[in-house]
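Hi,

Here is the structure I promised to pass on. Have a look at it first, and then read on for what turned up.

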Amino acid sequence: MPIKTGLKNRPNLLNCVLKYSIQYGGIMTTSAKTFFVLPLLIIALFTLLNAEQLNIDVKEHVLDNGMKILVVENHDAPVFSTIVRVKVGAVDERPGQTGLSHFLEHMMFKGTKIFGTTDYEAEENLMAQIDSIGELLMDEWRKLQDPMNYPPDSTRYKELRDQIAKIQESQKEHIVKDELWETYLKHGGTMLNASTGDDGTQYYVSLPSNRLELWMLMESDRFKNMVFREFYSERDVVYEERRMRTDNSAWGKLYEQFSATAFTSSAYQHPVVGWASDIESWDHELLKEYFENYYTPNNTVAVIAGDVNPEEVFSLAEKYFGDWERGPEPPRQTTFEPEQKGERRVTVEFDANPMLLIGYHIPAAGHPDMAALDALSDILSRGRTSRLNKSIVEEQKIASSVSANSSFSRYPSLFTFSGTPLKGHTTQELEDAIYAEIEKVKAEPVTTWELQKVKNQFDAAMIKSVNSNMGMCWRLANYEAMVGDWSYINEYWQAYKNVTTEDIMRVANQYLKESNRTVATLVKPDEAGDESEGALSEKESSSY
């Protein structure tokens, strides 16, 4: 039986059950309500969880320039949520470009010719001066990086930085700081933010339903007419973000080295924030070229869910986004990760509690094995009754936490395990305990009860995720951007429901094998020798 969720006139299950209890049971005490209502609620939820598919009523429209608009009506409250997803992330970057997707996310809040400025003409003249000096600055930076330019002399570089800083101070007189943010907030905007990952960049906000045209105006303006305002000062902000979240973070440093070791050719080896040397080398022209390649309507999907009329949405989209010029098809990755032929290990020294990361290469989103891999990760680590938590955390008391995750990515990625050993235990003990649990699922089928439990959890999580406007936007935008079709949500849901115990055993044996494995450990400097002893042998290894 298909169910409808995220639709106009969508019933609220709990309200319906309560209404039923009052209508047919009269006034009841709290305990009596619980006695009568709980079975009804369970029956209603059971009906949902055993539905064949999520019958989401999505209205779809593609502008002539290639921009796709998805709309889901929900008139429960006079609000709507929206996500604009640009199909570009760290995986699309080349050496020298790393971090540009994330930097563009920052720059998209700097304003346009009409937002963020009191006098764009005066500001434009100052930005032209900055760009001219910026070219000279980058020439000097390249000289400083050239090993044939000895001895390096940074005097000229510092002089040019000072000149740019002085002009930027003059530019501040014309800048209206955070005008986009403030405008949205004044009109009732909530959840306003953006994020960048390996596979995409998204901009999101929720607004009262009578502010739909305001959203169309503001978003179309910044996508069509973005101004690279405060370029060098914002570049410094990103560099500091990298320093805090990666260079000075135990987890950040471990994960960065883990990815760089696990991937030898795939662009998933790049950190989302960018390598430090690449951040230093960014210039205006590089960012502009990257923006023009990827921030095009034919590489963008907008999802709107809430108290809106689809025809009005499409009409306004034509009005505000219709003249956004179509771009060339964006460059896509053509270099892929070769089959791994031996375990790789990396040890990161950092003054923090030890940590462990293990990764196995798996296929991309859309592959037939992804549902079974997801179910495997759920059986291993979803909830307190999961195998890893019961065995390693509660019974053996080796770790404070341990988890497994199956990546849902545009290109082949990783099935990962992560954990933190308790004091008195080592990463090697934790690693061995994880391998023991992996061998169990390889050798014996998981129980029918375990599989049904995670299927119920998956169903409930899926339904919950599309039961809010923003959750609906996230799901649809992600499937549309990852596999090119939002309706894959139904296909994937059904695939997960069809996973068998044999499927889980098969994918565990196929992918979770030593030759396909990368291991990263974080140890304190004085413990590095003990942790890595004997780790080199004949295996591929590196050390940070």
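Before the residues, one term: helices are DSSP runs of H or I with at least four residues, numbered from the N terminus. And do keep in mind that this is a predicted model.

**Overall picture**

The protein's secondary structure comes to 20 helices and twelve strands. Of the 544 residues in the protein, 54% are buried. The accessible surface is about 25200 Å², with 52% of that belonging to carbon and sulfur atoms. If you take the contacts between residues at least 6 apart in sequence, 82% of them join residues at least 24 apart.

**N478**

That definition was for this one: N478 sits in helix α17, which covers residues 469–483. Its relative accessibility is 22%, so N478 counts as partly exposed. Leaving out residues up to four places away in sequence, N478 touches R85 and F408. There is also a long-range pairing here: N478 and Q202 are 276 residues apart in sequence, yet their C-alpha atoms are 9.5 Å apart in space.

**K224**

Next, helix α7, where you will find K224. K224 is partly exposed because its relative accessibility is 27%, and partly exposed means between 20% and 50%. Which residues does K224 touch, not counting those up to four places away in sequence? They are Y320, D323 and W324. D323 is worth a click: the side chains of K224 and D323 make a polar contact of 2.7 Å. In sequence K224 and D323 are 99 residues apart, while C-alpha to C-alpha they are 8.8 Å apart.

**Two strand residues**

R345 belongs to strand β7, residues 344–349. Is R345 buried or exposed? Its relative accessible area is 14%, so R345 is buried, the cut-off being under 20%. Its side chain has polar contacts with two glutamates. With the side chain of E431 the distance is 2.8 Å, and with the side chain of E343 it is 3.3 Å.

T521 is in strand β11, which spans residues 517–523. T521 is buried as well, because its relative accessible area is 8%. Apart from residues up to four places away in sequence, T521 touches L254, V346, T347, V348, M355, L356 and T427. Strand β7, the one that holds R345, runs over residues 344–349, so you can look at the two strand residues in one view.**Backbone oddities**

Three spots in the backbone may catch your eye when you check torsions. As background, most residues other than glycine have a negative phi, and most peptide bonds are trans.

- Y150 and P151 are joined by a cis peptide bond, with omega about 0 degrees. P151 is in the loop between α4 (120–145) and α5 (155–171).
- E230 is not a glycine, but its phi is positive, at about 55 degrees. The loop that holds E230 runs between α7 (212–225) and α8 (231–247). E230 is buried, because its relative accessible area is 10%.
- K397 also has a positive phi, near 55 degrees, and is a residue other than glycine. K397 is found in the loop between α14 (387–395) and β9 (399–406).

**The second largest pocket**

This is probably the part you will want to open in your own tools. How many residues line the second largest pocket? There are 30, and M226, F228, K288, F291 and E292 lie nearest its centre. Two or more lining residues come from each of α4, α5, α7, α8 and α11 (284–294). The largest share of the lining is from α4, with six residues. By class, the lining has 13 nonpolar, six polar and eleven charged residues. The volume of the second largest pocket is about 630 Å³.

Some of the elements above turn up again here. Helix α7, which gives two or more residues to the pocket lining, is the helix that holds K224. Helices α4 and α5, also on the lining list, are the ones on either side of the loop with P151. Likewise, α7 and α8 are both on that list, and the loop between α7 and α8 holds E230.

Cheers

Methods
Residues are numbered from 1 along each chain as its sequence is written. This is a predicted model: local features need pLDDT of at least 70, side-chain atom pairs count only at pLDDT 80 or more; totals for chains, interfaces and linings use all residues. Side-chain values use heavy atoms; hydrogens and water are left out. Buried means under 20% relative accessible area, exposed over 50%, partly exposed in between (1.4 Å probe, protein chains only). A polar contact is a pair of N or O atoms within 3.5 Å; within protein, one must be able to donate a hydrogen and the other to accept it, and residues adjacent in sequence count only if both atoms are side-chain atoms. Contact means heavy atoms within 4.5 Å. On a 1 Å grid over the protein atoms alone, a cavity is a set of points where a 1.4 Å probe fits but cannot get out, and a pocket is an open set with protein on both sides within 12 Å along at least five of seven lines; lining residues have an atom within 4 Å of a point. Grid points are joined across faces, edges and corners, and a volume is the space filled by probe spheres set on the points. Ala, Val, Leu, Ile, Met, Phe, Trp, Tyr, Cys and Pro count as nonpolar, Asp, Glu, Lys and Arg as charged, and the others, Gly among them, as polar. Accessible areas come from the Shrake-Rupley method with a 1.4 Å probe; for residues, only the protein chains shown count as cover.
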